[in-house]
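Me: Got a structure open here and I'd like to talk it through. Mind if I fire off some quick questions?

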Amino acid sequence: MTTFASPAEVADALKGAGYLSTDRISQVVFLAERLEKPVLVEGPAGVGKTELAKALAAIHERRLIRLQCYEGLDESKALYEWNYRKQLLRLQADTGDWDTVEGDIFTEPFLLERPLLEALRSAEPVILLIDEVDRVEIETEALLLEVLADFQASIPELGTIVAQSQPLVVLTSNNTRELSDALKRRCLFLYIDYPDVEREREILLTRVPELPQRLAEQIAGVVRHIRSLPLRKPPSVSESIDWARTLLALGIDEVNEGVTVDTLNVLLKYQADLDKVAGDLS
Ligand SMILES: Nc1ncnc2c1ncn2[C@@H]1O[C@H](COP(=O)(O)OP(=O)(O)O)[C@@H](O)[C@H]1O
Ligand SMILES: [Mg+2]
């Protein structure tokens, strides 16, 4: 893995991968790699949390293994599961005694590897992204903790699986609930907020290279203003990128109130928010 001598080098590498960092982001990434600690990235939706993990995979040329969290996610989807169908077929085909069969169907060929196990057993170091961890029940966090604490996991039939290589772990959270103290203690904490106007302009120009400078500036300014209003769902960076693409597609090279109101549905996803912003602009 490329090792970085300073946070500034991290920032340059991320930029090369199309990710616009901040001093804070570069510093935490630098420390995570030095201290071999997971990073917990928190912040509103669409500010570049998941993208950071993808960019890290790109700059280190490592495989990205993603565990997408959701309510009800359990060990069988996070760590491993036995391939019951295959086991059943083996049982039906078998004429031997039970001990032989049992010793057989709980072995490697019958194991279904899920993302955590895949990351642990990868010979090449990977980037492990545990995405939207706030969606799992607090009990499932315990499972993640075990893996993150020692980079190992136990499978009763196979024994303890110790990491073959140290993964770089990124967890993200949209902060819909408090995470356990134990999980937080394991990780370096990074809060990513909406970018300031200058950084958002840069992100827009990186993601939509054909966007004129001036338009990028105007979009970033208007979006910043809209975010200052009390909305149910303020526009995220993804939405300002969508807005930039929309304006380009419509051949618009100047943002004004009329244009903004006419295309607000790209930025806002609730009618109440649309009404509020339209009212504010006129
Ligand atoms: N710092 C950034 N540099 C470049 N692109 C960014 C940055 N932050 C956000 N983006 C863009 O915004 C999109 C949404 O980011 P994403 O990581 O999916 O958000 P979330 O925080 O919800 O995980 C990304 O696909 C990317 O195009
Ligand atoms: Mg995400």
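Reply: Go ahead; we can take the overall build, then the ligand, then some individual residues.

Me: How many helices and strands does the protein have?
Reply: This is a predicted model, and the protein in it has 14 helices and nine strands.

Me: What size of box do the C-alpha atoms fill?
Reply: Roughly 80 × 45 × 35 Å, taken along the principal axes. The accessible surface of the protein comes to about 13,900 Å², and carbon and sulfur atoms hold 50% of that.

Me: And what share of the residues count as buried?
Reply: 48% of the 282 residues. On contacts with a separation of 6 or more, 73% come from residues 24 or more positions apart.

Me: OK, ligand 1. Which residues are closest?
Reply: L20, G46, K49, T50 and E51 are the closest, out of 16 residues that surround ligand 1.

Me: What does the side chain of K49 have within reach on ligand 1?
Reply: An N or O atom of that K49 side chain is 2.7 Å from an oxygen atom of ligand 1. With L20 the partner is a polar backbone atom, 2.8 Å from a nitrogen atom of the ligand. The side chain of R199 also has an N or O atom 3.2 Å from a ligand nitrogen.

Me: How much of ligand 1's accessible area does the protein cover?
Reply: 85% of the 560 Å² that ligand 1 has on its own.

Me: Back to R199. Where does that one sit, and is R199 buried or exposed?
Reply: R199 is in helix α10, residues 197-207, and is buried. E200, R201, I203, L204 and L205 are buried in that helix too.

Me: What covers those buried residues of α10?
Reply: The cover includes α2 (23-35), α11 (213-227) and α12 (237-249).

Me: Switching to charges. What's the salt-bridge situation for E42?
Reply: E42 has no salt bridge, although E42 is buried. K184 is the nearest side chain of opposite charge, and it is 5.2 Å away. That's outside the cut-off, because a salt bridge needs the nitrogen and the carboxyl oxygen within 4 Å.

Me: Which side chain does E42 make a polar contact with, then?
Reply: The side chain of N175, at 3.5 Å. E42 itself belongs to strand β1, residues 39-42. Beyond four places away in sequence, the residues E42 touches are K49, S173, N175, L179, F189, L190, Y191 and I192.

Me: So K49 shows up again?
Reply: Yes: K49 touches E42, and K49 is also among the closest residues to ligand 1.

Me: Now backbone oddities. What is the phi of E132?
Reply: About 60°, so positive, although E132 is not a glycine. E132 lies in the loop between β5 (127-131) and α8 (138-150). E132 counts as buried because its relative accessibility is 16%, and the cut-off for buried is under 20%.

Me: And F151, what's its phi near?
Reply: Near 50°, again a positive value in a residue other than glycine. F151 is in the loop between α8 and β6 (152-155). F151 is buried, with a relative accessible area of 10%.

Me: Last one: R185, buried or exposed?
Reply: R185 counts as exposed, because its relative accessibility is 63%. R185 is in helix α9, residues 181-186.

Me: How far apart in space are R185 and V101?
Reply: 44 Å, C-alpha to C-alpha, with their positions 84 residues apart in sequence.

Methods:
Residues numbered from 1 in each chain as written. Chains lettered and ligands numbered in written order. Predicted model: local features only at pLDDT ≥ 70, side-chain atom pairs only at ≥ 80, totals over all residues. Heavy atoms only, no water. Helix = DSSP H or I, 4+ residues; strand = E, 2+ residues; numbered from the N terminus. Buried < 20%, exposed > 50% of the residue type's maximum accessible area, 1.4 Å probe, protein only. Lys, Arg positive; Asp, Glu negative; His and termini not counted. Polar contact = N/O pair within 3.5 Å; in protein donor to acceptor, adjacent residues only side chain to side chain. Contact = heavy atoms within 4.5 Å. Near = heavy atom within 4 Å. Areas by Shrake-Rupley, 256 points an atom, 1.4 Å probe, with all protein chains shown as cover.
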